[in-house]
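Got your viewer open? Let's take a short walk through the model, one selection at a time.

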Amino acid sequence: MYSFKDNYFVQRECLVNEQLKPLGIQDPRVLKALCEVPRHVFVPEDYRDLSYEDSPLPIGYNQTISQPYIVALMTESSQLQPFYKVLEIGTGCGYQAAILSRLCKEVYTVEIIEPLARKAQQTLESLKYTNIHVQIGDGYEGWPEEAPFDIIMVTAATESIPLPLINQLKVGGTLIMPIGHESGQQLVRITKTPAGIEEEYLALVRFVPMTGRAEK
């Protein structure tokens with residue numbers, strides 16, 4: 001596992017203590033993960049100096065690495081347990097998957113853009129994250145071979161909840177994703193119950209739109 005006592009550790013501590021805690025992130029396990037995972041390694045070299053500012057950054061292919069606060073909010077809202085099996089839709093550069101991997105048993109992550117998926121896998125392997133599994137594919141379809149999942153996290157917006165993801169969620173499980181158009185989205189926490197689903201709105205957000213089947 002990557003040694004988190006690197007040259008950027010103080011910057012990560014400042015991000016956590018001066019930006020994320022004042023915004024209401026409280027879960028000590030989530031804050032510890034954000035101190036441990038080296039965000040700068042996932043950021044393109046041209047933007048590395050901005051790695052520990054609380055802002056999204058471009059990673060190529062019209063995609064971004066999410067703002068640290070949003071990563072923290074989605075992770076904290078998932079209420080992850082060490083034995084959980086998690087599905088992430090939208091691997092991107094792999095940063096969110098790395099955070100999740102510190103808090104659960106296994107992370108399965110799907111990315112539709114092949115060069116991003118391959119780069120993320122290389123980065124995660126270089127950092128010796130052994131409980132993250134990367135697949136190139138359409139996230140709308142999930143990862144049915146590995147279902148069911150305790151948590152599903154979607155890092156791209158759709159106008160409605162993809163039915164395949166609901167089907168792959170355990171009863172009692174949680175799906176967290178942005179719903180809406182690119183110009184106006186709500187981050188939603190969806191709980192699957194024996195009677196159906198329950199929705200809770202968490203925050204206004206702005207994510208890139210999901211591509212693939214979601215566009216049809």
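Select residues 9–20 to begin: that is helix 1, where helices are DSSP runs (H or I, at least four residues) numbered from the N terminus. Its 12 residues should span 16 Å at 1.5 Å a residue, and the end C-alpha atoms sit 15 Å apart, which agrees. The expected span here is 1.5 Å times one less than the number of residues.

A word on ground rules: this is a predicted model, so local features need pLDDT of at least 70 and side-chain atom pairs count only at pLDDT 80 or more, while totals for chains, interfaces and linings use all residues. Residues are numbered from 1 along each chain as its sequence is written, and side-chain values use heavy atoms, with hydrogens and water left out.

Stay on helix 1 and show the side chains of Phe9, Arg12, Leu15, Val16 and Leu20, which are buried (under 20% relative accessible area; exposed is over 50%, partly exposed in between, with a 1.4 Å probe and protein chains only). Those buried residues cover an arc of only 120° around the axis, which puts them on the same side of helix 1; the arc is taken from the directions from the helix axis to the C-beta atoms. Now spin to the face turned away from that buried side, and you'll find the exposed Val10 and Glu18.

What do the buried residues of helix 1 pack against? Helix 2, helix 3 (39–42) and helix 4 (68–78), with contact meaning heavy atoms within 4.5 Å.

Add helix 2, residues 28–36: it packs with helix 1 at an angle of about 145°, the axes 8 Å apart. Axes are lines fitted to C-alpha atoms over the stretch in contact, and angles run from 0 to 180 degrees between N-to-C directions. For the contact itself, pick Phe9, Arg12, Glu13, Val16 and Leu20 on helix 1, then Leu31, Leu34, Cys35 and Glu36 on helix 2.

Next stop, helix 4, where 10 of the 11 residues are buried. Among them are Tyr69, Ile70, Val71, Leu73 and Met74. Just past its end, click Gln79, which has a positive phi of about 50°.

Last, the cysteines. How many disulfides are there? Zero, counting pairs of cysteine sulfur atoms within 2.5 Å. Cys14 is in none, as its nearest cysteine sulfur, that of Cys35, is 9.5 Å away. Cys14 is partly exposed at 31% relative accessibility. Cys104 is also in no disulfide, with the sulfur of Cys93 the nearest at 17 Å, and Cys104 is buried at 7%.

Note on methods
Helices (H or I, at least four residues) and strands (E, at least two) are DSSP runs, numbered from the N terminus.
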